[in-house]
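Student: I'd like a close look at one part of this protein, please. Could you pick a spot on a helix and then work outwards from there?

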Amino acid sequence: MSETTVPATPATAPAAPSRSRLLRGRGARIPLGALQILLGLFYVFASALPKLLANPSAAEAFDKLGWGSTGMYIIGTLELAGGVALLIPLLSSVAAVALSALMVGAFIVNVTAVHGPYVATPLILIVPLALIAWARRSHNAELVRLVRRRA
């Protein structure tokens, strides 16, 4: 008589950690926080301030697009708000999504109107922004609860 046995798995074996749990561990929180700070500072100082201070190269680029100083100030303000919001834990996920949407628009403008050497830059920035939005998505529920409580 032949018996087929299935190896028994111990009931006390630890379950494999989920991916979202891995990103919430201390080992991932620190680099993710550093990435948020780096991107926040980039958007505030390297991207928004030249527009808000009417740097000649930024003004020239927006004039070529036909958007003028109004468009430049609007985009600069959105980038400034997004960069600052990336540094606020409760707003980091929403800010990353909003900045990603802004980068999609920047990519489309670069491809269709500018044809410049920096076409890929917005797409490159979307990758870490998407990572932040996904890893910090639990903040969205907190934010919704806070807004509902105040409304």
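Tutor: Let's start with Ile-37, which lies in helix α2, residues 26–52. A helix here is a DSSP run of H or I with at least four residues, a strand is a run of E with at least two, and both are numbered from the N terminus. Before going on, note that this is a predicted model, where local features need pLDDT of at least 70 and side-chain atom pairs count only at pLDDT 80 or more, while totals for chains, interfaces and linings use all residues. Residues are numbered from 1 along each chain as its sequence is written, and side-chain values use heavy atoms, leaving out hydrogens and water.

So, is Ile-37 buried or exposed? Ile-37 has a relative accessible area of 46%, so it counts as partly exposed. (Buried means under 20% relative accessible area, exposed means over 50%, and partly exposed is in between, using a 1.4 Å probe and protein chains only.) Ile-37 also joins Leu-41, Phe-45 and Leu-87 in a nonpolar surface patch of about 380 Å². Patch members have over 30% relative accessible area and no salt bridge; nonpolar side chains (Val, Leu, Ile, Met, Phe, Trp, Tyr) are joined within 5 Å, like charges within 9 Å. A salt bridge, by the way, puts a side-chain nitrogen of Lys or Arg within 4 Å of a carboxyl oxygen of Asp or Glu. The areas come from the Shrake-Rupley method with a 1.4 Å probe, and for residues only the protein chains shown count as cover.

Now for the rings. The count comes to 2 aromatic pairs. Phe-42 and Tyr-43 have ring centres 5.4 Å apart and planes at 75 degrees, so this pair is edge-to-face. Phe, Tyr and Trp rings (for Trp, the six-membered one) pair if their centres lie within 6.5 Å; planes under 30 degrees apart are stacked, over 60 edge-to-face, and the rest tilted. Phe-42 is partly exposed at 33% relative accessibility, whereas Tyr-43 is buried at 0%. Phe-62 and Trp-67 make a tilted pair, 5.9 Å centre to centre with 50 degrees between the planes. Here Phe-62 is buried at 9%, and Trp-67 is partly exposed at 39%.

Stepping back, the protein has 7 helices and 0 strands. Buried residues make up 29% of its 151 residues. The protein exposes about 10,100 Å², and carbon and sulfur atoms supply 68% of that.
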